[in-house]
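The following exchange examines internal cavities, aromatic pairs, backbone angles and helix packing. The structure under discussion is shown first.

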Amino acid sequence: MKTEQTKSPRHWGIVALMCLLSASSIGICTNSVGVFYTPVSEALHVLKGTFAMHATLSNMCTAIMALFMPKLMRKTDYRKLLLIGALLASIPTFFMGFTHSMMGFYILGILRGIGAGIFGIVPITMIITNWFQKSHGLATSITLSFSGLSGAVFSPLFTWCITNYGWEKAFFLMGGCLFLLTIPVCLVHWHTRPEEEGLLPYGYSGEHETKAVLQNTKFQYFSIGFLAMALFAFLHPAITGISQHISGMAESVGLSAQNGAFMVSLIMIGNVSSKLLIGILSDHTTPLKASICMIFVNICSLLLLYVGMLQANVSWMFAASVLFGTIYSVGAVGIPLLTRSFFGSENYQKAYSVIGFLTNAGSASSLTLIGYVADFTGSYIPVLFIAIGFHLFNICLLAIAHYSTRN
């Protein structure tokens, strides 16, 4: 076996391409859309939850696409699919700038979600899994950290555009950015598997990862381990919806829209750094230990955010925002690594197509619910304690999944 077949610049070139897809499909389509909730809902005289429904529908369509992407990627040239996805994501987003009816937003949100699902987290992590055996955690974390980096850059950019030119122009800008980030990946010649280019996965040794993985060759959807992991994959991303409402949280305690946008950027900084950290920790310990560590940090961030909101203390809320970014490290990086760890590389596509659907569905369902909780209770504080309860329950689910797949 030649070294250049298993460790080459081409492997990391694939990571660079996936970084662009991560920045557009997750960073812009999901992480940056929250800055539109308050200005658009106020302009259209609707509840924040009602407007947030367009993002829920979008994410649900992304989730549904996750179920079909493994099969589509096996049967179709992925770069052709990617071009379709880029157009479906960017054009409807652009036309949101002409829309002043909720039905129009819902239809366009559905189309954007279908497009984003074609180059979303499921195909991205599948491609990274195909190309990397060694340093899989690092490659995954680098790729998905760009969704946070993108959110940190584009959230204040869109807020600036909304403040100075209106939310309509901001949607034009958002659609253009989506297309510009995705189209280079369509134009470069590459494949979803290294074998198609005469290479082997990075660090390939011809051996399976662990003895425990070998025990998981008989994969079952209705096993206790998979059901526990599936429920975790739905509940944990539901907490990420808080970040989409962080601007509203800031304004609800008297802070400015600019402070709210800066909090979104701080969350994305925590997003990027924690994704890199969880990948490194996973490679040096285990994905389970790394994920639980991040969950505890996130619980601390929710408590700090609660205190900051009670006192309308901007410094505490800024600090809480950075720490809250750890929520994405488990949802984006931890869940794919846990799936591979629990069920093995040979079952990854089968397991993650369902788990990826549930991850997106959990994230989508929370966007509207959080908005309605704020509308009807007049406060975001109940959401923080519900999230803490989810975290504690999720730790139990991970323990069940771990022990079930090791016995």
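Helices (H or I, at least four residues) are DSSP runs, numbered from the N terminus. The model is predicted: local features need pLDDT of at least 70, side-chain atom pairs count only at pLDDT 80 or more, and totals for chains, interfaces and linings use all residues. Residues are numbered from 1 along each chain as its sequence is written, and side-chain values use heavy atoms, with hydrogens and water left out.

Q: How many cavities of 30 Å³ or more does a search of the whole structure find?
A: On a 1 Å grid over the protein atoms alone, a cavity is a set of points where a 1.4 Å probe fits but cannot get out. Grid points are joined across faces, edges and corners, and a volume is the space filled by probe spheres set on the points. The largest cavity has a volume of about 310 Å³, and the second largest has about 30 Å³. The number found at 30 Å³ or more is 2.

Q: Which helices each supply at least two residues of the lining of the largest cavity?
A: Lining residues have an atom within 4 Å of a point. There are 21 of them here, and I26, T30, T359, N360 and S363 lie nearest the centre of the largest cavity. The helices that each supply at least two are helix 2 (9-28), helix 4 (48-75), helix 11 (224-244), helix 16 (326-343) and helix 17 (348-377).

Q: How many residues of the lining of the largest cavity are charged?
A: Ala, Val, Leu, Ile, Met, Phe, Trp, Tyr, Cys and Pro count as nonpolar, Asp, Glu, Lys and Arg as charged, and the others, Gly among them, as polar. The lining of the largest cavity divides into 7 nonpolar and 13 polar residues, and the charged ones number 1.

Q: Which helix gives the largest share of the lining of the second largest cavity?
A: The second largest cavity is lined by T62, A66, G117, G120, I121, V122, P123 and N360. Helix 4 and helix 7 (121-131) each supply at least two of these residues. The largest share, 3 residues, comes from helix 7.

Q: What is the geometry of the ring pair of F94 and F95?
A: Rings of Phe, Tyr and Trp (its six-membered ring) pair if their centres lie within 6.5 Å; planes under 30 degrees apart count as stacked, over 60 as edge-to-face and the rest as tilted. By this rule the count comes to 24 aromatic pairs. For F94 and F95 the centres are 6.0 Å apart and the planes stand at 80°, so the pair is edge-to-face.

Q: Is H45 buried or exposed?
A: H45 is found in the loop between helix 3 (37-44) and helix 4, and its phi is near 60°, a positive value in a residue other than glycine. Most residues other than glycine have a negative phi. Buried means under 20% relative accessible area, exposed over 50%, and partly exposed in between (1.4 Å probe, protein chains only). With a relative accessible area of 74%, H45 is exposed.

Q: Why do the buried residues of helix 15 lie on the same side?
A: The buried residues of helix 15 (residues 314-324) are M317, F318, A320, S321 and F324. The arc is that of the directions from the helix axis to the C-beta atoms. The buried residues are on the same side of helix 15 because they cover an arc of only 165°.

Terms used. 1 Å grid on protein atoms, 1.4 Å probe; cavity = no way out; pocket = protein on both sides within 12 Å on 5 of 7 lines; lining within 4 Å.
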